[in-house]
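Thanks for sharing this one. Below are a few numbered notes to read alongside the coordinates.

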Amino acid sequence: MDNPVPPRVTGPGPRRRDRHGRGMRGPIAPPQVPLAASRAEGFADLVQDSVERLERRWPQLADIDFLILEVPRLDGPGKAWNDEAVPLGGTVPSREGRPARVVVYRRPVEIRTKGRDERAALVHEVVVEQVAELLGLTPETVDPRYGED
């Protein structure tokens, strides 16, 4: 036998498996269904909802950038973690023509919550606390419903 099975020719792009002749794998849900959204996209939606809720009361929030990072970073070389709790958010004041920033850390918030409703409440608390710090106000002033369950 000279080689009864010809070598497989692979084309460009990712190769997907067709297990047991059932067809190519594809998405489980169509893109317009919430199930199709990734965790990061769902978290970004929660932050956006919270910001929009606050912007109705505080129009100056339009000048602040709201960012989402996976986890907090160490501030420089040689810095080590300490025994304090991992922060859920932070602020960066405006400087040199750059707008102020509010940062929400996705993974620490997700780890502390069990469901979407609990996560949405914690995200809103973090956003309110960080906006209050940036504006020099109390969280209750920024959102009168702060701390209510």
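**Notes on the predicted model**

1. Let me start with an exposed residue: E96 has a relative accessibility of 76%, and because exposed means over 50%, E96 belongs in that class. Please keep in mind that this is a predicted model. E96 sits in the loop that joins β2 (89–92) to β3 (101–105). Its backbone is worth a look too, since E96 is not a glycine and yet has a positive phi of about 45 degrees.

2. Now for the overall layout. The chain holds four helices and three strands, and reading from the N terminus their order is α-β-β-β-α-α-α. Of the 149 residues in the chain, 26% are buried. The accessible surface is about 11400 Å², and carbon and sulfur atoms contribute 50% of that area. Taking the contacts in the chain with a separation of 6 or more, 58% are between residues 24 or more positions apart.

3. How do α1 and α3 pack? Helix α1 (residues 39–55) and helix α3 (residues 116–135) have their axes 9 Å apart, at an angle of about 50 degrees. That angle makes α1 oblique to α3, because it falls outside the ranges for roughly parallel (under 35 degrees), roughly perpendicular (65 to 115) and roughly antiparallel (over 145). The crossing of the two helices, α1 and α3, is right-handed.

4. Here are the residues behind that packing. On the α1 side, the contact is made by G42, F43, L46, V47, S50, V51, R53 and L54. Their partners in α3 are R116, R119, A120, V123, H124, V127, V128 and V131. Sorted by class, the contact of α1 with α3 comprises ten nonpolar, three polar and three charged residues.

5. S50 deserves a point of its own. This serine is part of helix α1, and its relative accessibility is 4%, so it counts as buried. Once neighbours within four places in sequence are left aside, S50 is in contact with V123, H124 and V127. Those three residues are also listed on the α3 side of the contact between α1 and α3.

6. Is E110 buried or exposed? E110 has 8% relative accessibility and therefore counts as buried. The residue lies in helix α2 (residues 106–111). Not counting residues up to four places away in sequence, E110 touches R39, F43 and R119. Among these, F43 and R119 also appear in the contact of α1 with α3.

7. Towards the C terminus, V142 is one to inspect. V142 belongs to helix α4 and is buried, with a relative accessible area of 1%. Which residues does V142 contact, leaving aside its neighbours within four places in sequence? They are L54, R57, W58, V128, V131, A132 and L137. For W58, the C-alpha to C-alpha distance from V142 is 7.9 Å, although the two are 84 residues apart in sequence.

8. A last point concerns T138, found in the loop between α3 and α4 (139–142). T138 has a relative accessible area of 41%, so it counts as partly exposed. T138 and V128 are ten residues apart along the chain, and their C-alpha atoms are separated by 9.1 Å. V128 is a residue you have met already, as one of the contacts of V142.

Notes:
Residues are numbered from 1 along each chain as its sequence is written. This is a predicted model: local features need pLDDT of at least 70, side-chain atom pairs count only at pLDDT 80 or more; totals for chains, interfaces and linings use all residues. Side-chain values use heavy atoms; hydrogens and water are left out. Axes are lines fitted to C-alpha atoms, for helices over the stretch in contact, and angles run from 0 to 180 degrees between N-to-C directions. A crossing is left-handed if the near helix is turned anticlockwise from the far one by less than a right angle, and right-handed if clockwise. Contact means heavy atoms within 4.5 Å. Ala, Val, Leu, Ile, Met, Phe, Trp, Tyr, Cys and Pro count as nonpolar, Asp, Glu, Lys and Arg as charged, and the others, Gly among them, as polar. Buried means under 20% relative accessible area, exposed over 50%, partly exposed in between (1.4 Å probe, protein chains only). Accessible areas come from the Shrake-Rupley method with a 1.4 Å probe; for residues, only the protein chains shown count as cover.
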